[in-house]
Amino acid sequence: MHRNKIRLLFKHYRARYPEEVAVVDRICSFVDANTECFSRELAIGHITGSAWILDSTATRALLTHHKKLNIWVQLGGHADGDPDVEQVAYREAIEESGLVGLQFVDQELFDIDIHQIPARGPEAAHYHYDCRFLFRAVDDHYIVSDESHDLQWVPLDDMGSVTTEPSITRMVDKTQRLIRAKSGDSLLIRETS
């Protein structure tokens, strides 16, 4: 029962992004094979939730210079047993940025990514099966948390000067396609629950 919501999110994602069927099938297989997929105690890997946060003008995205990984990425973190990955992404975004008035743009998955986390100390290398949601910030003022070296609003058109991480590039492309599809209209925002 606790995996039904995420399975439905993946089903909708597969229909929305048919070109990503291989990664969808891989994450679905992982969830189906591991009843404890939301727990970081699952040593082979676990589900994580992330936030792709746009500013109020939808021209910049908020990135964190992650302390442990030492790269610029979107905000997010472990589900810690919570199967509601949408709320995991929201919670992690607030904890890591201090943003006030953060709002979901869509209740569907915006992106998924599977990436290996390198071994660190006693923790073995493992995979993060990352579920990413699209947000808009009402206020651009953030607070850098202990998990980051820094945070930065990065213009979408200049993202390559900060990172060439393939999953970030993919989310920039998705964002720009979404904005073009809206024909200049502002992105719709739904209220957080």
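Colleague: Let us begin with a single residue. Does A58 count as buried or exposed, and how is its relative accessibility to be read?

Modeller: A residue is called buried when its relative accessible area is under 20%. A58 has a relative accessibility of 10%, so A58 counts as buried. Please keep in mind throughout that this is a predicted model.

Colleague: Where does A58 lie in the chain?

Modeller: A58 belongs to the loop that links β1 (45–54) with β2 (60–66). The backbone of this residue also deserves attention. Most residues other than glycine have a negative phi. A58, however, has a positive phi, near 60°, and is not a glycine.

Colleague: What is the phi of D80, and where is D80 found?

Modeller: D80 is not a glycine either, and its phi is positive at about 50°. D80 is placed in the loop between β4 (75–78) and α3 (85–97). With regard to the solvent, D80 is partly exposed, because its relative accessible area is 48% and that class runs between 20% and 50%.

Colleague: Let us turn to the whole fold. How many helices and strands does the protein chain have?

Modeller: The chain has four helices and eight strands. Read from the N terminus, the order of elements is α-α-β-β-β-β-α-β-β-β-β-α.

Colleague: What does the radius of gyration say about the protein chain?

Modeller: The general idea is to set the value beside that of a compact globule with as many residues. For 193 residues such a globule would have a radius of gyration near 16 Å, and the protein chain has 16 Å, so the two agree. The C-alpha trace extends over about 45 × 40 × 30 Å along its principal axes.

Colleague: Which share of the residues is buried, and which share of the contacts joins residues at least 24 apart?

Modeller: Of the 193 residues, 47% count as buried. For the contacts, one takes pairs at least 6 apart in sequence; 70% of these join residues at least 24 apart.

Colleague: What can be said of the surface and of the charges?

Modeller: The accessible surface amounts to about 9,500 Å², and carbon and sulfur atoms account for 52% of that. As to charge, there are 31 negative and 21 positive side chains, and 4 Å separates the centres of the two sets.

Colleague: Which residues does V24 touch, and how far is V24 from I71?

Modeller: V24 sits in helix α2 (residues 21–33). Its relative accessible area is 1%, so V24 is buried. Leaving aside residues up to four places away in sequence, V24 touches F10, Y13, R14 and I112. A distance in sequence is read beside a distance in space: V24 and I71 are 47 residues apart along the chain, with 25 Å between their C-alpha atoms.

Colleague: D32 is also found in helix α2. How does D32 count by accessibility, and which residues does D32 touch?

Modeller: D32 counts as partly exposed because its relative accessibility is 44%. Beyond four places in sequence, D32 touches R3 and R7. From D32 to E123 there are 91 residues in sequence and 24 Å in space, C-alpha to C-alpha.

Colleague: What are the corresponding readings for the loop residues A124 and D157?

Modeller: A124 lies in the loop between β6 (111–117) and β7 (126–137). With a relative accessible area of 49%, A124 is partly exposed. The C-alpha atoms of A124 and Y90 are 27 Å apart, although 34 residues separate the two along the chain. D157 is in the loop between β8 (148–155) and α4 (166–181). Exposed means over 50%, and D157 is exposed because its relative accessible area is 73%. Between the C-alpha atoms of D157 and E108 there are 24 Å, over 49 residues of chain.

Colleague: Finally, where does pLDDT stay under 50, and what is the average for the chain?

Modeller: The chain averages a pLDDT of 91, and 94% of the residues score at least 70. Residues 189–193 stay under 50; for them the model has 16 contacts beyond four places in sequence. Where pLDDT is low, the predicted coordinates should not be read in detail.

Methods: Residues are numbered from 1 along each chain as its sequence is written. This is a predicted model: local features need pLDDT of at least 70, side-chain atom pairs count only at pLDDT 80 or more; totals for chains, interfaces and linings use all residues. Side-chain values use heavy atoms; hydrogens and water are left out. Helices (H or I, at least four residues) and strands (E, at least two) are DSSP runs, numbered from the N terminus. The radius of gyration is taken over C-alpha atoms; the globule rule is 2.2 Å times the number of residues to the power 0.38. Buried means under 20% relative accessible area, exposed over 50%, partly exposed in between (1.4 Å probe, protein chains only). Contact means heavy atoms within 4.5 Å. Accessible areas come from the Shrake-Rupley method with a 1.4 Å probe; for residues, only the protein chains shown count as cover. Lys and Arg count as positive and Asp and Glu as negative; His and the chain ends are not counted. The place of a charge is taken as NZ of Lys, CZ of Arg, CG of Asp or CD of Glu. pLDDT is the predictor's confidence in each residue, from 0 to 100.
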